[in-house]
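Here is a set of short questions on how some labels are earned. Each answer sets a value against its cut-off.

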Amino acid sequence: MTRPVEVTPESITERFAASGFVCPPEVATALHLAEALGKPLLLEGPPGVGKTEIAKLWATFHDAELIRLQCYEGLDEAKALYEWSYGKQMLYAQLLRDKTSDVLAQAPDLGSAIAILRDEADAFFSRDFLLPRPLLQAILAKRPVVLLIDEVDRSDEEFEAFLLEVLSDHQVSIPELGTLKAASPPRVVLTSNDTRDLSDALRRRCLYAHVDYPSLDDEIRIVESRVPGIAAALTDRLVRFAQALRKADLKKAPGIAEVVDWALALTVVGADSLSASALRKTLGALLKNREDVERVLAEPGRYRG
Amino acid sequence: MIPALARFVDALRAEGVAVSSPEAVDAARALGLLGLERRETVRRALAATLAKDRTARAAFDRLFDRFFAPVRLPADGKGKGQPAGAKAGEKRKRRPEPPETSRHRSPSERESEKKARPGLRLRERRPKIVRAPKRRDPAPEPSRRELTRRMTTEEERTIAREVPRLVEALRLRPGRRRRQARAGRPWLRKALRRATATQGVPFVVPMQAPRRRAVRVVLLVDVSFSVARAAGLFLLLAGAFLEFGRRARVVCFVDRPVDATAAIARWMRGGVRAARPGGRARPGDGIVRGAVSFADVLTGIEGLNLDAPSDYGRTLHALTGARRGVRGRDVLLVVLGDGRANRLDPLPWAFEDLARGCGGVLWLVPEPAARWGTGDSALPLYLPSVDVLVEATDLAGLATGVAELRRRL
């Protein structure tokens, strides 16, 4: 167990750096403020810049469990909050059939049988039959947790509106059980790839940090820390190449993870420069679209700087 | 810090960034946590709490740089805590940023600036700025109501009813001061007053400096929707001291300049009768003289397209090229407008050309100073050519502007 550390932007930067992550100062400040003000943090930026990674490291920082809710189109309350375990209810009802008959045998008429059933049926809608989904897990957790609501821009607007209650009051209402409130509010991190505008109401409830591609120096540091033993000259060249690719109008710009993968691939094939043959062998690690690969291989000189 | 933060939040809202009160409270708490010692920390704390998307962030960064300028200490360490560029003992004034002009000038302008001809009066880079007194009253009296706000025709009428009172107040204020000189005309009034000390015997007769040539005034008035109300009230006030058509011209503009001297002069005399088209209320409906509203006068001016977006660049360019242009040492150019060029090219060099051609430039801005230079405002680009800038957000502010105008007649 890691010892608790005082939360300051500096301590965050330091601990993240120890895990090989170069934390932008805006993000460190925003995380610190999120902790101090008890607010959710919304991280927005292009894909592949490490937004999810920040949430994971944030959980490690607090020695907390990370509960992740991956958003997608059509995600609804049942998948995000809770479900009744229908199968388990049916199974129990079957197994307890004899017991049920015994109980009902005491009833002289139909009306009193229904009254008995009404009292007893609540047993099937207790916590034993509740399947908590990520949001409820985070609220019911006894230990500190970090709730990551990933790619919230991919969910529907209805779901976004539903999130508001959870985010502002840290509680959910379940008709059969009443309102469940978090004993200690979970730390919440939301990420968005900025594919659509999130509602103002959601933005207002969160603190905000924009995470962009790292600067040249930062990215060189990232690659050096992730790929130990890589030649400095090669690192410099490959990072410049990747940064030039991001400025070009590609279908999918390479993220940081892809650059690291590419650096690993280059060391595996033993390349010491970005020659045409080395590019042809390894570019698949950097670019994940055939047209992009063909375009870059056609004139690699444009991106070598 | 809280008032500064509140002003900053206000300015952000004026830029279109919707900042809610809880967010402003968060910002204050964040500053309390992180301290104010380091500028970048303050920027990050405010950005995380106030600017919540990319467009908001762009506006935030622009405003932050303007609001929280880095403090530069003098080399000898004296005068610690003075704002950037202030000399010891100088009163602190907040001024708009000096504009980055070079990009917006024509090549010939930059050329001519390099070799400033000897004898040519170089204007002071920074104008005198006349600010409005601080407004605290939540329900201000009519003459202090902000004119660019939305208001009904009836409210407008209430404000317009204050015009005669302000005109009277202006008449009581001294106009241009006369100067004593060695030679000139005898100064009778002064001689009589001095002579009372010597029992009516005028031992010395003071002389009065010869009168300057009478000043010609050109009013360049933006009459686009947002400032039309201020324009109408300003013309009413100024009309009490100027005789339109003789030594004063009125040029109205929205997207191009139109000489409105005759129309405004007729309105002042109460001579026009414009047919009043029905429909929704327009700004200027409540500013009435001789049963004709200013809105009607504007509709009656030929060539004026009131629905166009205001275009400062085109207007100024047309004026520099006009045959009967605004030119002469005796010309006082008075501009009324918010300088909002709707992202069209503001052509500051055209204004500089105009300003250089005349004896003085007075600019009345019907917008609070906190919003100058924000959004699509090109005002800072025009500032170097302006002599006096007046914050005229309300009727009283307009009267201050007219007082400044009178001092130069």
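**Labels and their grounds**

Setting aside neighbours within four places in sequence, A:T282 contacts A:W262, A:A265, A:L266 and A:V269. The model is predicted.

Q: Why is A:T282 called buried?
A: Its relative accessible area is 2%. Buried means under 20%, so A:T282 qualifies.

Q: What makes the link between A:T282 and A:A278 a polar contact?
A: The side chain of A:T282 reaches the backbone oxygen of A:A278 at 2.7 Å. The cut-off is within 3.5 Å. A:T282 itself sits in helix α14 (residues 276-286) of chain A.

Q: Why are α13(A) and α14(A) called roughly antiparallel?
A: Their axes cross at roughly 150° and come within 8 Å. Angles over 145 degrees count as roughly antiparallel, so the label fits α13(A) and α14(A). The crossing is right-handed.

Q: Which residues in α13(A) and α14(A) meet?
A: From α13(A), A:E258, A:V259, A:D261, A:W262, A:A265 and A:L266. From α14(A), A:A278, A:L279, A:T282, A:L283, A:A285 and A:L286. By class, this contact has nine nonpolar, one polar and two charged residues.

Q: How do you know that A:V223 is buried or exposed?
A: Its relative accessibility is 1%. The limit for buried is under 20%, so A:V223 is buried. A:V223 lies in helix α11 (residues 216-226) of chain A.

Q: What does A:V223 touch beyond four places in sequence?
A: A:I230, A:T235, A:V239, A:V259 and A:A263. A:T235 is twelve residues from A:V223 in sequence, and their C-alpha atoms are 7.1 Å apart.

Terms used: Residues are numbered from 1 along each chain as its sequence is written. Chains are lettered from A and ligands numbered from 1 in the order in which they are written. This is a predicted model: local features need pLDDT of at least 70, side-chain atom pairs count only at pLDDT 80 or more; totals for chains, interfaces and linings use all residues. Side-chain values use heavy atoms; hydrogens and water are left out. Helices (H or I, at least four residues) and strands (E, at least two) are DSSP runs, numbered from the N terminus. Buried means under 20% relative accessible area, exposed over 50%, partly exposed in between (1.4 Å probe, protein chains only). Contact means heavy atoms within 4.5 Å. A polar contact is a pair of N or O atoms within 3.5 Å; within protein, one must be able to donate a hydrogen and the other to accept it, and residues adjacent in sequence count only if both atoms are side-chain atoms. Axes are lines fitted to C-alpha atoms, for helices over the stretch in contact, and angles run from 0 to 180 degrees between N-to-C directions. Angles under 35 degrees count as roughly parallel, over 145 as roughly antiparallel, 65 to 115 as roughly perpendicular and the rest as oblique. A crossing is left-handed if the near helix is turned anticlockwise from the far one by less than a right angle, and right-handed if clockwise. Ala, Val, Leu, Ile, Met, Phe, Trp, Tyr, Cys and Pro count as nonpolar, Asp, Glu, Lys and Arg as charged, and the others, Gly among them, as polar.
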